[in-house]
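Work through these exercises on charged side-chain pairs. Each task is followed by a stepwise solution.

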Amino acid sequence: MSIPLIAQNNINSVLDSIEANNTTLKSLRLTADAQKLGNKTSIYLDNPEVEFNYLWGKPGNIGSRTDINIKQTFDIPTISGMKSRVANGQNTLIEFQYKADRMNILLEAKQYCIDLVYFNALKRELDVRLQHAETIAKGYKDRLDRGDANRLEYNKIQLNLASVLGELSRVEVERNALLSQLRRLNGGVDIALDEDQFVQAQLPLNFNDWYAEAEQKNPVLAYIKQEIEVGKSQVSLSKASNWPTFSTGYMSEKVVGQQYQGFTVGISIPLWENKNRVKQAKVAVSAAESREADRKQQFYSQLQSLYNRANGLKVIAEKYRQSLANVNNTDLLKKALDTGEISLLDYIVEIGLYYTTVNQALEAERDYQKAIAELSAVEL
């Protein structure tokens, strides 16, 4: 037996469909867009203030007084630019977070697809085994009717048949569960994936060279790195917030027989409002730098462990493929049983050993594919 190969574009099509239909991703996209707009709302000038006063005089013969005051508060241009840079940096953080969430959802879907391909392949094998088991069961029923076989041998064959039927039922349950999970990720839309072959995934030859590229693509690490940049911008903005803010406007005062009007200028000096704000921003940057160092170390160790595991699984899968490439004992064992060269018990033991090896080969291939999927998650 050879391990079959699957057209990778079929899984990619499933992932494309899930990306388009997944309700969680749609919700995350809308939430991200709303947050990005929210970050942009704080970079503009404060609202202008318009004040109107109408005051009655007492005694009444002195008339009334009318005041009009229009004022606009503004920061110096340097602070306005800093606010814009901080907002843009925060929006970049939101995009990295969305990419990380998207990567996790698509990785989950890909793992389900790999499991589904595995169970499809196992079902294909079990369908062949069922044919063999039914043929032998029918032959032993005829021999029992002729008196050439005893009831004990016939019962063993029936148990073997029941075992294959039970395994087929279990596989069908697993397949339906996986299809249900994929339907959930696909926004309730059914997904068909009938392939029963794996593409021969390639493991990177050099881990460190591959890791250097993967590190640059990982949205989680990019998020932390960007978080540091935003923190540094926030430090600069906090320092600049200690600078005065200015206001200018127009004022008019009108009383009986007199009117005053002209421009007004004001200044606000932040003596207490920004206390500890710079210190807090600096501590936040230090915390982000510490998180970056920790995440990089964790990411490196995790991928190195996955790489070593994938490499080991690759060796195992290749050994199974080589062992089964030119070995298929099912027909030989049946002929030997029919001609009386081996006993029924020997047949069941030998065919069971072969089936177990085939199952282990499929499991090794599946595990290798899933390990590769985790390693290449940043490319989804």
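A salt bridge here is a side-chain nitrogen of Lys or Arg within 4 Å of a carboxyl oxygen of Asp or Glu. The model is predicted.

**Exercise 1.** State how many salt bridges a search of the whole structure finds.

Solution. Apply the criterion to the whole structure. The search finds 18 salt bridges.

**Exercise 2.** Test whether Lys123 and Asp127 form a salt bridge, then place the pair in its helix.

Solution.
- Step 1: the N to O distance is 3.2 Å. The cut-off is 4 Å, so the side chains of Lys123 and Asp127 meet in a salt bridge.
- Step 2: both residues sit in helix 3 (residues 77-146). They are 4 residues apart, so about one helical turn separates them.
- Step 3: Lys123 has 26% relative accessibility and is partly exposed. Asp127, at 30%, is partly exposed.

**Exercise 3.** Which salt-bridge partner does Arg170 have, and where does the pair lie?

Solution.
- Step 1: the partner is Glu167, with the closest N and O atoms 2.7 Å apart.
- Step 2: helix 4 (residues 151-185) holds both, 3 residues apart, about one turn of the helix.
- Step 3: Arg170 is partly exposed at 36%. Glu167 is partly exposed at 26%.

**Exercise 4.** Analyse Lys217 and Glu213 in the same way.

Solution.
- Step 1: their side chains meet in a salt bridge at 3.1 Å, N to O.
- Step 2: the two lie 4 residues apart in helix 5 (residues 207-217), about one helical turn.
- Step 3: relative accessibility is 39% for Lys217, partly exposed. Glu213, at 44%, is partly exposed.

**Exercise 5.** Which residues are linked with Arg29 in a network of salt bridges?

Solution. Asp33, Lys36 and Glu95 are linked with Arg29 in the network.

Terms used: Residues numbered from 1 in each chain as written. Predicted model: local features only at pLDDT ≥ 70, side-chain atom pairs only at ≥ 80, totals over all residues. Heavy atoms only, no water. Buried < 20%, exposed > 50% of the residue type's maximum accessible area, 1.4 Å probe, protein only.
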